[in-house]
Amino acid sequence: MLIFAIEILGTIAFAVSGSALAIKKQMDLLGVIVLGLTTAIGGGIIRDVIIGVIPPSSVQDTIYAKVSIATSLLVFLIAYIYRDRPIKYSFKLVYNNLLLVSDSIGLGLFTVVGINAAYHRLNSPGFFLILVGVVTGVGGGLVRDIMAGDKPYIFVKHIYASASILGAIVCIYLWDISGENIAMLAGTSVVFLIRFLAARFKLDLPII
């Protein structure tokens, strides 16, 4: 039940980030739904292919797709209702904050969900668990940005993939010490905290 709740929350968070980007790109209703759906279930599909779950769980159980579509429709409806109304902050600021929060929540939750799936299905070393966790966390956002024609967010903004890696390491380290529930909560918290601090203090990895 806990894992299901985490997956649903992560699905909603990523669907919000995908549909918000689609609206910013001035896509139509179908584009908003497709981008929201892709962002929400893309990482999980990649994860399942890696660990040998065929067909992927998000295809076997349509609840994730339904939640993604419903969330995307709601985001579109809210944006449509408020399209002509003045807001306190600029759209760019609202969008950036929405993307930061929803993406960070989805990233943290899906990173630990990926680790949990790989841990219980395969007897794998820590490196593989980290790989699966990070792929689950960043996969949907990576596909989203490619479809939207943007440089992948995970490589250029506020220590994104690196936060997922560190959160995965913390989760795996605590797994046998504190139990999987505490480990997953700690891993998610580390990802969100790093993303928040990186955005707050404008921290990025070095570039040339």
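## A walk through an all-helix chain

Start by selecting Ser-102: its relative accessibility is 6%, so it counts as buried, the cut-off being under 20%. What you have open is a predicted model, so take each stop as a feature of that prediction. Ser-102 sits in helix α5. Now show what is around Ser-102: setting aside neighbours within four places in sequence, its contacts are Ala-13, Phe-14, Val-16 and Ser-17. Keep Phe-14 highlighted, as it comes back below.

**Zoom out to the whole chain**

Switch to cartoon and colour by secondary structure. How many helices and strands does the chain have? You'll find nine helices and zero strands, so the pattern along the sequence reads α-α-α-α-α-α-α-α-α. The radius of gyration is 17 Å, close to the 17 Å that the globule rule gives for 208 residues, so the chain is as compact as a globular protein of that length. If you draw a box along the principal axes, the C-alpha atoms fill roughly 55 × 40 × 30 Å.

Colour by burial next: 46% of the 208 residues are buried. Then try a contact map. Among contacts with a separation of 6 or more, 74% are between residues 24 or more positions apart.

**Into the core**

Hide the cartoon for a moment and bring up the largest nonpolar core, which has 35 residues. Select Phe-14, Leu-107, Val-138, Tyr-160, Cys-171, Trp-175 and Met-184, the members with the most contacts inside this core. Put the helices back and see who contributes: α1 (2-24), α2 (29-51), α4 (63-81), α5 (91-121), α6 (126-148), α7 (153-156), α8 (160-178) and α9 (180-200) each give two or more residues. Which helix gives the largest share of this core? That's α5, with eight residues.

Now centre on Leu-107. Not counting residues up to four places away in sequence, Leu-107 touches Phe-14, Gly-137, Val-138, Tyr-160, Ser-164, Val-191 and Arg-195. There is also a second, separate core of five residues, and you can pick it out by selecting Ile-51, Val-53, Leu-129 and Val-132, which are among them.

**Backbone oddities**

Time to look at some torsions. Most residues other than glycine have a negative phi, and most peptide bonds are trans. Here are some exceptions to click on.

- Ile-54 and Pro-55: a cis peptide bond joins this pair, with omega about -10°. Pro-55 lies in the loop between α2 and α3 (57-60).
- Gln-26: phi is positive, about 60°, although this residue is not a glycine. You'll find Gln-26 in the loop between α1 and α2. Is Gln-26 buried or exposed? Its relative accessible area is 74%, so Gln-26 is exposed, the cut-off for that being over 50%.
- Lys-202: another residue other than glycine with a positive phi, near 55°. Look for Lys-202 in the segment after α9. With a relative accessible area of 66%, Lys-202 is exposed too.

**Last stop: the surface**

Finish by turning on the surface. The chain exposes about 10900 Å², and carbon and sulfur atoms supply 70% of that. Then colour by charge: there are 15 positive and 11 negative charges. How far apart are the mean positions of the positive and negative charges? They are 11 Å apart.

Note on methods. Residues numbered from 1 in each chain as written. Predicted model: local features only at pLDDT ≥ 70, side-chain atom pairs only at ≥ 80, totals over all residues. Heavy atoms only, no water. Core = buried A, V, L, I, M, F, W, Y, C linked by side-chain atoms within 4.5 Å. Buried < 20%, exposed > 50% of the residue type's maximum accessible area, 1.4 Å probe, protein only. Helix = DSSP H or I, 4+ residues; strand = E, 2+ residues; numbered from the N terminus. Contact = heavy atoms within 4.5 Å. Rg over C-alpha atoms; globule rule 2.2 N^0.38 Å. Areas by Shrake-Rupley, 256 points an atom, 1.4 Å probe, with all protein chains shown as cover. Lys, Arg positive; Asp, Glu negative; His and termini not counted. Charge placed at Lys NZ, Arg CZ, Asp CG, Glu CD.
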